[in-house]
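Reader: Hi! Could you help me read a protein structure, one question at a time?

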Amino acid sequence: MSDRVVKVIYSADRKRRVHIIERSDGSFTFEDWVFVDEPRETTWFPTDRRLQTLADSAERAEAEARERVGWLALEPGAS
């Protein structure tokens with residue numbers, strides 16, 4: 001089994017997102033992404049906050065993301 005995204009949480013402006021990921025070993029983590037919309041490039045890029053935590057559930061990984069990702073902590077209703 002490979003890693004898979006089990007949940008995606010978007011910022012209100014849809015320019016940031018967090019992926020909650022189930023890893024192949026059964027643990028969970030998250031990745032923070034930013035959307036770049038420039039004349040030469042329009043795509044998603046991971047930020048420095050990648051795979052910084054291992055959790056035993058998707059809910060715990062999301063809680064960690066909400067504590068550690070600045071924009072997500074400021075937007076508790078982000079989905």
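What follows is a set of short questions and answers about this structure.

Reader: Which element has the highest mean pLDDT?

Author: Good place to start, as this is a predicted model. The mean pLDDT of the protein is 87, and 89% of its residues reach 70 or more. Among the elements, the lowest mean, 78, belongs to strand 4 (residues 41–50), while the highest, 96, belongs to strand 1 (residues 4–10).

Reader: How many bridges join strand 1 to strand 2?

Author: These two strands form a hairpin with five residues between them, and arginine 14 there takes a positive phi near 65°. One pairing to look for is arginine 4, whose bridge partner in strand 2 is glutamate 22. Strand 1 and strand 2 run antiparallel, and the number of bridges joining them is six.

Reader: What other link do arginine 4 and glutamate 22 have, and at what N to O distance?

Author: The side chains of arginine 4 and glutamate 22 also meet, in a salt bridge. Arginine 4 lies in strand 1 and glutamate 22 in strand 2, so the pair ties together parts that are 18 residues apart in sequence. The link is a salt bridge, with an N to O distance of 2.9 Å.

Reader: Is glutamate 22 buried or exposed?

Author: Let's take the partners in turn. Arginine 4 has 45% relative accessibility and counts as partly exposed. Glutamate 22 has 14%, and the limit for a buried residue is under 20%, so glutamate 22 counts as buried.

Reader: Which residue of strand 3 is the bridge partner of isoleucine 20?

Author: Strand 2 and strand 3 pair in the antiparallel sense over seven bridges. Their hairpin has five residues between the strands, and glycine 26 takes a positive phi near 95° there. Across this pairing, the strand 3 partner of isoleucine 20 is phenylalanine 30.

Reader: How many residues of strand 2 are buried?

Author: Strand 2 (16–22) is one of the elements that the buried residues of helix 1 pack against. Strand 2 is mostly covered, and of its seven residues the number buried is six.

Reader: Why do the buried residues of helix 1 line one face?

Author: In helix 1 (residues 58–68), the buried residues are Ala58, Ala61, Glu62, Glu64 and Ala65. Looking down the helix axis, you would find them within an arc, so they line one face of the helix. On the other side, Glu59 and Glu67 are exposed. The arc that holds the buried residues is 160°.

Reader: What does glutamate 64 touch, leaving out residues up to four places away in sequence?

Author: Glutamate 64 sits in helix 1. With 16% relative accessibility, glutamate 64 counts as buried. Leaving out residues up to four places away in sequence, glutamate 64 touches Phe30 and Thr53.

Reader: Which residues share a salt-bridge network with Lys7?

Author: Let's begin with one salt bridge, in which the closest N and O atoms of lysine 7 and glutamate 62 are 2.8 Å apart. Lysine 7 lies in strand 1 and glutamate 62 in helix 1, so the pair ties together parts that are 55 residues apart in sequence. Lysine 7 is partly exposed at 37% relative accessible area, while glutamate 62 counts as buried at 15%. Salt bridges that share partners join Lys7 into one network with Glu62 and Arg66.

Reader: What is the relative accessible area of aspartate 32?

Author: Aspartate 32 and arginine 16 meet through their side chains in a salt bridge, at 2.7 Å from N to O. Aspartate 32 belongs to strand 3 and arginine 16 to strand 2, so the pair ties together parts that are 16 residues apart in sequence. Arginine 16, at 21%, counts as partly exposed. Aspartate 32 is buried, and its relative accessible area is 0%.

Reader: Which element gives the largest share of the largest nonpolar core?

Author: The largest nonpolar core has 12 residues, among them Ile9, Val18, Phe28, Ala58, Trp71 and Leu72. Two or more of the core residues come from each of strand 2, strand 3, helix 1 and helix 2. The largest share is three residues, and the element that gives them is helix 1.

Terms used: Residues numbered from 1 in each chain as written. Predicted model: local features only at pLDDT ≥ 70, side-chain atom pairs only at ≥ 80, totals over all residues. Heavy atoms only, no water. pLDDT = per-residue confidence, 0-100. Helix = DSSP H or I, 4+ residues; strand = E, 2+ residues; numbered from the N terminus. Buried < 20%, exposed > 50% of the residue type's maximum accessible area, 1.4 Å probe, protein only. Arc of directions from axis to C-beta. Contact = heavy atoms within 4.5 Å. Salt bridge = Lys/Arg side-chain N within 4 Å of Asp/Glu carboxyl O. Core = buried A, V, L, I, M, F, W, Y, C linked by side-chain atoms within 4.5 Å. Pairing = 2+ DSSP bridges.
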